[in-house]
Amino acid sequence: MTVQSIQENATSSCLITSSFNASDLTDAVKACREKLNGKPDLAVVFVSSDYRPHLKELIEILQIDGHTTKIIGASADGLYGVTTEHENASGVSMLFLKLPQTVIHPQNGSHNHAVHFPDRAIAKMDAPPAGWIILGNPLQTDLSSQLRELNSHFPTIPVIGGLVRGGPENDDLFLFTEDGICREDFLSVRFHGGLKIHPLISQGCRPIGDPLVVTGASHNQIISIGRKEALKVLEETFDTLPNHERRKAQGNVFAGLAATENVDNFETGHFVIRHIVGADLAEGRLMLDSPARVGQTLQFQIRESEGASQDLRSACQQSVDSGVDPFGAMIFGGHGRGRCLFEIENHDAGLFHELFGEVPLTGMFANGEIGPIAGRNFRHDHSFCAALFLNPDQDISPDSP
């Protein structure tokens, strides 16, 4: 159990690494509420899919013993706690937030029920939102339309979240609120005033070769790069790698598409990493999992454990050096991370704790993560995306992402 309180804002969190047990859950929820020294304004809860039959009782415990009226939650097959990653096992991770000066506006929606993020409530407020947390059901949405709307109306405002995971059956993936299971495509929570939301994004890749301009593209197909066939450029880039690097690169090469062209020297944080899902050998084309455009800068990337670890450490250290001191956090990690990538337990959670200290947090392993790159919000894969909650008067260096 961990807690940190700064001024009026406060958070507390708990990770239970077992199947549903009403008594244990009640004790944990009471302890979280007591550590807050007041009523929580929001509870964020991630559960393994075997908790679904017990959701009604879980919600009642949160309401009666936790004194919370606003709840958002989702299924997960991996959970984050302070210092801990609980993968592929039963459990629940909870974060309670006491935010007395913050307007917290939950919202859900689907393609059949349009949601307009620039609603009347936002229009009446003097300042823009601090940011959004958003959760999506991947069987119903990839959140692309929601991100386009938010990027259009609220440029530079961070959106952090992910697409949920669960067990092998469709019913094992679910969203829920204080009213129970949510049948719609997504849940979102808007935070307005009383805090800052600092995004921490690590895509876990490092560049190889040179950044070059896409000179031919059609939808998600890269036809040419620097006026050469795209596949040939990839082959040439691969051939420049030392032998030991080639072994790491087998099956782990991605395309980095520049999120902004307004830089003198491209670095890791300027690219959105995209999967290369196929190649046309006859015409030398590469197929990505998202569209690219002519004139966009592309640099190939490699993902492996050492580089991914260094990328996350660098992102965390940059935030620390910029004065970021969170009183709470939410983490969305790609399901390709954890032991699958690093071959050790608790890599990301341990590194986060090492750099930021005892910060109350919750989080889940996701089917796709949401976070900003160069001021625009994107969906990612196998990345580390975190929302760090800061007090509103905290000064952050302008060099911070």
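Two strands pair if DSSP finds at least two bridges between them. The model described here is predicted.

Strands S14 and S28 illustrate such pairing. S14 is joined to strand S28 (residues 384-390) by 7 bridges, and the two run antiparallel. Ser 202 has Phe 384 in S28 as its bridge partner. Helix H7 (residues 305-321) packs on the sheet and touches S14 and S28. The direction of H7 makes about 155° with that of S14.

The sheet that holds these strands is open and has 6 strands. Their order is S6-S5-S25-S24-S28-S14, and the pairing is mixed. Strand S6 (84-87) and strand S14 (196-202) stand at the edges. Each has a single partner strand, so one side of each is left without a neighbour in the sheet. On average, neighbouring strands of this sheet are turned by 15° against each other, direction ignored.

A further open sheet of 6 strands follows the order S8-S13-S9-S10-S26-S27. Its pairing is mixed. The edges are formed by strand S8 (103-109) and strand S27 (376-380). Both edge strands have a single partner strand, so one side of each lacks a neighbour in the sheet. Here the average turn between neighbouring strands is 15°, direction ignored.

Within this sheet, strand S10 (residues 159-163) and strand S26 (residues 368-373) run antiparallel and are joined by 3 bridges. Gly 162 stands opposite Glu 369 in S26. Helix H4 (residues 144-153) packs on the sheet. H4 touches strand S9 (131-136), S10, strand S13 (186-192), S26 and S27. The direction of H4 makes about 165° with that of S27.

Conventions:
Residues numbered from 1 in each chain as written. Predicted model: local features only at pLDDT ≥ 70, side-chain atom pairs only at ≥ 80, totals over all residues. Heavy atoms only, no water. Helix = DSSP H or I, 4+ residues; strand = E, 2+ residues; numbered from the N terminus. Axes fitted to C-alpha atoms, helices over the stretch in contact; angles between N-to-C directions. Contact = heavy atoms within 4.5 Å.
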